[in-house]
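Open the model in your viewer and keep the selection panel at hand. The tour starts at the ligand and then moves away from it.

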Amino acid sequence: ELAQRMSERAVDVVKFFMKQGQMMKPGDIIDADTAELVATEFGHTVKRVAESDIEEGLFNIADNPEDLVSRPPVVTIMGHVDHGKTSLLDAIRHANVQSGEAGGITQHIGAYQVEKDGQKITFIDTPGHAAFTAMRARGAQATDIAILVVAADDSVMPQTVESINHAKAAGVPMIVAINKVDKPAANAQKVRTELLQHEVFVETMGGETLDVEVSAKTGQGIDKLLEAILLQSEILDLKSNPDRTAEGVVIEAQLDKGRGPVATVLVQTGTLMPGDILVAGNEWGRVRALVDDHGVHVQEAPPAMPVEILGLQGTPHAGDRFAVVNNEARAREITEYRQRIAHDKAVARSAGQRGSLEQMMSQLQNSGLKEFPLVIKGDVQGSIEAVVAALDKLGTDEVRARIVHAGAGGITESDVSLAETSGAAMIGFNVRANPQARAAAAAAGVEIRYYNIIYNLVDDVKAAMSGLLSPER
Ligand code: GDP
């Protein structure tokens, strides 16, 4: 590749190395210093390109405040299993499909938009915090508002708490939807009280978090929930510039047998149009068609609109960010660079270069942070409480453990991605990780530590934390 870039013959480069006493063949990897030396020897002028230069200007082109206009909010529904996330998403969608509407039946493309009082709201169609966190792990913040669904007959459960912690970690405001109020066993007040223990103070109890009683089954309260979303969105004052090249995030992507790679993207700023050339994660393509959540081909997708795009060369990942670029050459340059970086990272990870407690510690030390973030899973609530209490005691004025999340049950993929996004250590107390979580941890370079004796766990964390203390003490 070096030879090619210098427009020299590969054999001449190999010969040069031979003269230096090094046996090299095309495809062997040399470091930047060596490459610079070789290029200089061949009489070329070297300009080192920093990693950031290649992607320069790709994202976050600054907008003038006067170009910003209001955009719809993007909402994710989270909560415990069986509390009615899917039912609620369906109820909202169906309440909104007017008969005779273009396309009629909605298509599942990963996100959909509804209208309330002439204002649009975008819902991410994959319920739960797993998808939410997977996106954050890729650096994308797609959600403006999280709906926390709690079944009124079951109240706060472990995944309710997980969802709260995920939303808090992401700094996304919540709206509590107390669901299943049609059931005789429903006790909405119990839900509100139990939420207090997790520092969610709902409005009806004098707090700031909006809460709405709903039934996904009867449709009761759905309208109110949509109103609450619009109210929250007004408070957030969400704005973006529709008159520029589009940027956003990939919600879903798959390889379709007939249509090739298909990705659902959420436009976050700018307007996406057919013919645009875009880069999404490690892939690129020219938009051949845009299809909305009714299966209708559209000519443009403004901010907060989810659309399927056809025409990509490969399949990006959910959570990848995308941006429109000027031309194909630039798209190729960026994606080739990214593919190379991804490859290098994978190599580095397989060599186990990241993720140990010690390494994390030194990273934290460099960042000057005096908190030690932890995600803890344990066998039973009692043992978790004991672990958390013991860790709390370790805290000093200078450094303390910050429990991003602690919950009962085995370590899942979503725990791993929460640990990854929060830069936290992942700890299992008397529990193991499931295979998906292990695979995710390996891919993300997150080390999972297992303990069955509290003393050992606390001791390790203590050792790691003492490394965070200022050296002069
Ligand atoms: P998810 O796991 O959170 O997505 O929950 P689902 O939407 O699959 O709902 C779980 C179960 O609760 C299903 O059997 C639903 O029919 C039922 N369900 C959901 N919402 C309501 C509701 O408002 N009232 C009643 N009675 N049942 C509901």
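A polar contact here is a pair of N or O atoms within 3.5 Å. Keep that cut-off in mind for the first stops. Note also that this is a predicted model.

**Stop 1: the ligand and its shell.** Select the ligand and show what surrounds it. You should find 15 residues. The closest are Asp82, Lys85, Thr86, Ser87 and Asp182. Now colour the shell by residue class. It divides into six charged, seven polar and two nonpolar residues.

**Stop 2: helix α5.** Select residues 85-96, which form helix α5. This helix gives the most to the shell, with three residues.

**Stop 3: polar contacts.** Which part of Asp82 lies 2.7 Å from an oxygen atom of the ligand? Show the backbone: a backbone N or O atom of Asp82 sits at that distance. Next, pick Thr86. Here a polar side-chain atom is 2.6 Å from a ligand oxygen. Then go to Ser215. An N or O atom in the Ser215 side chain lies 3.3 Å from an oxygen atom of the ligand. Now turn on surfaces. On its own the ligand has 570 Å² of accessible area, and the protein covers 72% of that.

**Stop 4: Val399.** Leave the ligand and select Val399. Look for the loop between α12 (381-394) and β17 (400-408). Is Val399 buried or exposed? Val399 counts as buried because its relative accessible area is 3%, and the cut-off for buried is under 20%.

**Stop 5: a long distance.** Add Asp125 to the selection and draw a C-alpha to C-alpha line to Val399. The two residues are 40 Å apart in space. In sequence, 274 residues separate Val399 and Asp125.

Notes:
Residues numbered from 1 in each chain as written. Predicted model: local features only at pLDDT ≥ 70, side-chain atom pairs only at ≥ 80, totals over all residues. Heavy atoms only, no water. Near = heavy atom within 4 Å. Polar contact = N/O pair within 3.5 Å; in protein donor to acceptor, adjacent residues only side chain to side chain. Areas by Shrake-Rupley, 256 points an atom, 1.4 Å probe, with all protein chains shown as cover. Helix = DSSP H or I, 4+ residues; strand = E, 2+ residues; numbered from the N terminus. Nonpolar A, V, L, I, M, F, W, Y, C, P; charged D, E, K, R; others polar. Buried < 20%, exposed > 50% of the residue type's maximum accessible area, 1.4 Å probe, protein only.
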